[in-house]
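This note is written for a colleague who is meeting the structure for the first time. Please read the numbered points with the sequence and the model at hand.

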Amino acid sequence: MKNIQVRVNGHPVAREIPDHRLLVDFLRYDLGLTGTKEGCSVGVCGACTVLLNGQPVSSCLALAVMADGGEVTTIEGLAEGDRLHPLQQAFIDYGGFQCGVCTPGQIMASKALLDANPHPTPAQIKEWMMGNLCRCTGYYKIIEAIQAAAAEKTEP
Amino acid sequence: MEGPRSIGQSAGHVEGPAKVTGRARYSADITLPGMLWGRALRSSFPHARIVSIDLSAARRVPGVHAVISGADLPEVRIGRFLRDIPVLARDRVRFIGEKVVAVAAETPDAADEALSLVDVEYEELPAVFDPIEAMAPDAPLIHEHPERYEHPPIPPIGGESRYHPFANVCSQSIYRRGDLAQGMATAERIFEHTFVVPPVHQGYIEPHACAAAIGPDGKIDIWISNKTPFIARRQLAAAFGVPEERVRVNPTSIGGDFGGKGSLMDSALCYFLARASRRPVRMVMNYTEELTAGNPRHSGVISLRTGVTRDGTIIAHQAKLIFNCGAYGAFIPLHFLHGSVHSAAGPYRIPHIEIESLRVYTNTVPRGHFRSPGAPQTTFAVESHMDMIAGELGMDPLEFRLRNVLVEGDESAMGERFHHIRCGETLTAAADAAKWNSPKPPNVGRGIGIYERAPGAFGTSGATLSLDRDGKLILITGAADTGTGSFTVLAQVVAEELQAPLADVIVCQGDTDTAEWEEGAGGSRLTHMAGRATLIAASEMKRALIELAARHFNCTSEQVQMRARRFIASDGRELDWKSLVAWAAEHEALPLTRSGSYVAAGHPDVTCYVAQVAEVEVDRETGQVRVRRMVSAHDVGTVINPLTHQGQIEGGLVQGLGQAMSEHLLLRDGAVTTAHLGDYKLPTAMDIPELTTVLVESQTGPGPFAGKSIGELSNVPPPAAIANAVFDAVGVRLTDLPITAEKIYTALRAMEKRN
């Protein structure tokens, strides 16, 4: 067991957890932040993507203790009250999701992309987002949504 | 114009804000006080007798509240139609991954530790993995008494059908029309080809999950990633031996379905764990369990024999489809693989036909339903076969198809009489958009594929619509939205009929206690059937509002009209929506509720066609295929929501691309070896081709506002279109999927040697 202190979506959290607790389980089941989804459990599908100190990580492969002293941003931390993040709004307006289960990971991964590269080309978007699988959309509208958010367009 | 139009407008999903903020609740997100983790121990043998099971050490693990085996359960079998799979194996296991023991514990770690201490002694039995070998006289018998398995009466579709006609055959359907022997005798050329299709997984990103809780009054609450909650309730009640009203299936978001989320999967077992532990239990499959023990698409061997005249007219066609259904037939909602029989003749005019479709038991993972079940496999075969015949006759594949496809007035090979047949137009639209006859660079080829599927018209749908005191319209549906945008489409139907802004319509999925009966999603029925039920409820609401306005005006309802959200009396008095709502609230008339129920009037008399052209480039040195471009042309009705409609086309097409190019649930000695998503290759954002969509529109659909269906079309032709394009590019004909660089490389080297 280990005591960890993490800032999650801006709020300080202190918990005693087993050393082997995965970050995804810590978020979902210790903190109740079930917006982060677990898909493949082997770091391939990207559904569990969160930002750890600003970098995208697969929370199904990261241990919660790795976040000790750090900052985690999940999908629950993007909107300000009822005001959606431009990426969130664009994913709705452009049809960037259907079932929605990969969407938290898609949005967190694309936030990391736009943080690093505010105006990516479609080719750069595809390359960055290839670690986030989506079975519903065929990716076309995800790419459009990210482009629109980058251009700060909110209506198609 | 009567107020803002909703039909035909692109609208983002109404549940969008919940899904992009993480607030949407999926089954794995359900947490209840005192909830335990359920886990299952699965068989590591493909076929074995269970000699003994020792649970004593597992039961001593701290934090473990229940450990159960088949002997602890009532002797029931479950299934979507045929009930042949036990909740836990009893005396025998029939595939690697079959559940044998289950535990409920306070933590996943305790559950796993307990499972590791379970001692099962097996006596291995001879196993069979191939459907053709399984039909051999000396094959191991997989089910000793299949005649004891229960199922509802077999409906009169799919030709003559039987369960368990002979050893290891789960079901057999034979469809005949005309006189095959006579047709073949008149044919001038007869072509025969055989195709092999592997199993593929639905690939939804949410693995199956469920939760069960038993209330103090005995009420059983279930949360389950299932697209048909009312059907799930019926199956669960039968499995538990309780009346249906004791079970409540609660709404959850569904993380992708594609046909795979229609079974009970772990939910019956979850209840038995909750009963044994007296605590709520959740079970969440991991993705390895999904791939190894889910319900993937049927694999099979498809043999086609077609007789034609010298000028390329099809006279007779015979199809024998041998599908591997795995160890159990429980995972499909019908007695046969519907799309296999239906698409074995393609959209062609064929007077003499015989189709035999078999589902054969083997000691492998049970197969289930996956987006247009049976059709992609069969269409890959039929549409490749058509190209091969055209090639032998020296005809252009497009010309050959145009000569043989149904035209207005024809009866389909299945005996359907459709109106507004747009098969040829759709083919031509795809070919034109793809510039079919334009010159191609070396090693670039084009291929075409076509598929037909009618909108779903079965079961009953219901809807309840209320007007609340704020003037909002609350629609309660019993249908789950599997991600297709059905909630949004239903909201648009209400908004259109009542001339309301879409934002004033709130869609709630009711649980099975409160919503009207709803057959649920599947078979491309929801927009049609639930849409119709919703339209009835909305029309009734409109009538009720007009009556209210008449009361207000002190006139008859015939003297009131609703226009642009205003109620206008024949003497010129007017009342807006808000004022009517306020007046109604004052006069105790709110909330006002109306419901609608819709039963299909029979098989629809219109259908939908999709024609696709793939353009590929083949690297002759490596065999690598790049799909440069796809054209998807669709014969559609009124498009209710262009955004979500296009989403169905794009998502389906990329799913078909995966089946064509990279997906193969590999099995060795009955074990799935592509057991995680690193090995099982779903398409990524890097794999998608340039896409051109063409809509051939007409207002002819059976759905509300003349809509048709779109969900199960674009995923079907890609394997055939791409295989045909590869042949066009480099002359390599692949008759098995997927189309890998290795296969093409090998074929190209063999061709070089021959030359």
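1. Helix α18 of chain B, residues 741-754, is a convenient place to begin. Its 14 residues reach 20 Å from the first C-alpha to the last, close to the 20 Å expected at 1.5 Å a residue. The helix is hardly covered, for the count of buried residues among the 14 residues of α18(B) is 1. The reader should keep in mind that this is a predicted model.

2. The loop that precedes this helix deserves attention. P738(B) is found in the loop between α17 (718-730) and α18 of chain B. The peptide bond that leads from L737(B) into P738(B) is cis, with omega near -5°.

3. A second cis peptide bond should be inspected in chain B, between L590(B) and P591(B), where omega is about -5°. P591(B) belongs to the loop between α15 (577-586) and β26 (592-599) of chain B. E588(B) lies in the loop between α15 and β26 of chain B as well. Phi of E588(B) is near 60°, a positive value in a residue other than glycine. Is E588(B) buried or exposed? It counts as exposed, because it has 6 C-beta neighbours inside 10 Å.

4. F705(B) also calls for a check of the backbone. Its phi is near 55°, which is positive although the residue is not glycine. The residue sits in the loop between β31 (690-697) and α17 of chain B. With 19 C-beta neighbours inside 10 Å, F705(B) counts as partly exposed, since a residue is buried if 20 or more other C-beta atoms lie within that distance.

5. The nonpolar interior comes next. The largest nonpolar core has 286 residues, and V103(B), V494(B) and V726(B) are those with the most contacts inside it. Helix α14 of chain B, residues 526-553, supplies the largest share of this core, 12 residues. What surrounds V726(B), leaving aside its neighbours within four places in sequence? Its contacts are G445(B), V616(B), V618(B), V625(B), V732(B), L734(B), I739(B) and I744(B).

6. S461(B) may be examined as a single site. It lies in strand β20 of chain B, which covers residues 460-467. Because 27 C-beta neighbours fall inside 10 Å, S461(B) counts as buried. Apart from neighbours within four places in sequence, S461(B) is in contact with E518(B), E519(B), M529(B), A530(B), R532(B), A533(B) and Y598(B). By contrast, M35(B) is 34 Å from S461(B), C-alpha to C-alpha, and the two are 426 residues apart in sequence.

7. The domain layout of chain B should be stated clearly. Domain 1 comprises 16-23 + 457-599, domain 2 comprises 31-125 + 206-255 + 261-293, and domain 3 comprises 129-201 + 295-416. The C-alpha centres of domain 2 and domain 3 of chain B lie 35 Å apart. Between these domains, 21 residues of domain 2 of chain B are in contact with 26 residues of domain 3 of chain B. On the domain 2 side, β4 (77-78) and α8 (287-293) of chain B each supply at least two residues. The most comes from α8(B), with 3 residues. That side of domain 2 divides into 9 nonpolar, 6 polar and 6 charged residues.

8. Chain A can be described more briefly. It holds 5 helices and 5 strands, and from the N terminus on its elements run β-β-α-β-β-β-α-α-α-α. Along the principal axes, the C-alpha trace of chain A spans about 50 × 30 × 25 Å. Its radius of gyration is 15 Å, which agrees with the value near 15 Å for a compact globule because chain A has 156 residues. Buried residues make up 57% of the 156 residues in chain A. Among contacts in chain A between residues at least 6 apart in sequence, 59% join residues at least 24 apart.

9. Finally, the contact between the chains should be considered. How many residues does each chain give? Chain B gives 43 residues and chain A gives 42 residues. On the side of chain B that touches chain A, the elements that give two or more residues are α1 (16-21) and α16 (642-661) of chain B. The most comes from α16(B), with 8 residues. The residues of that side of chain B divide into 17 nonpolar, 22 polar and 4 charged.

Key. Residues are numbered from 1 along each chain as its sequence is written. Chains are lettered from A and ligands numbered from 1 in the order in which they are written. This is a predicted model: local features need pLDDT of at least 70, side-chain atom pairs count only at pLDDT 80 or more; totals for chains, interfaces and linings use all residues. Helices (H or I, at least four residues) and strands (E, at least two) are DSSP runs, numbered from the N terminus. The radius of gyration is taken over C-alpha atoms; the globule rule is 2.2 Å times the number of residues to the power 0.38. A residue is buried if 20 or more other C-beta atoms lie within 10 Å of its own, exposed if 12 or fewer, and partly exposed in between; C-beta atoms are placed from the backbone. Two residues are in contact if their C-beta atoms, placed from the backbone, lie within 7 Å. Ala, Val, Leu, Ile, Met, Phe, Trp, Tyr, Cys and Pro count as nonpolar, Asp, Glu, Lys and Arg as charged, and the others, Gly among them, as polar. Domain bounds come from an automatic or database domain assignment. The expected span of a helix is 1.5 Å times one less than its number of residues. A nonpolar core is a set of buried Ala, Val, Leu, Ile, Met, Phe, Trp, Tyr and Cys residues joined through C-beta atoms within 7 Å.
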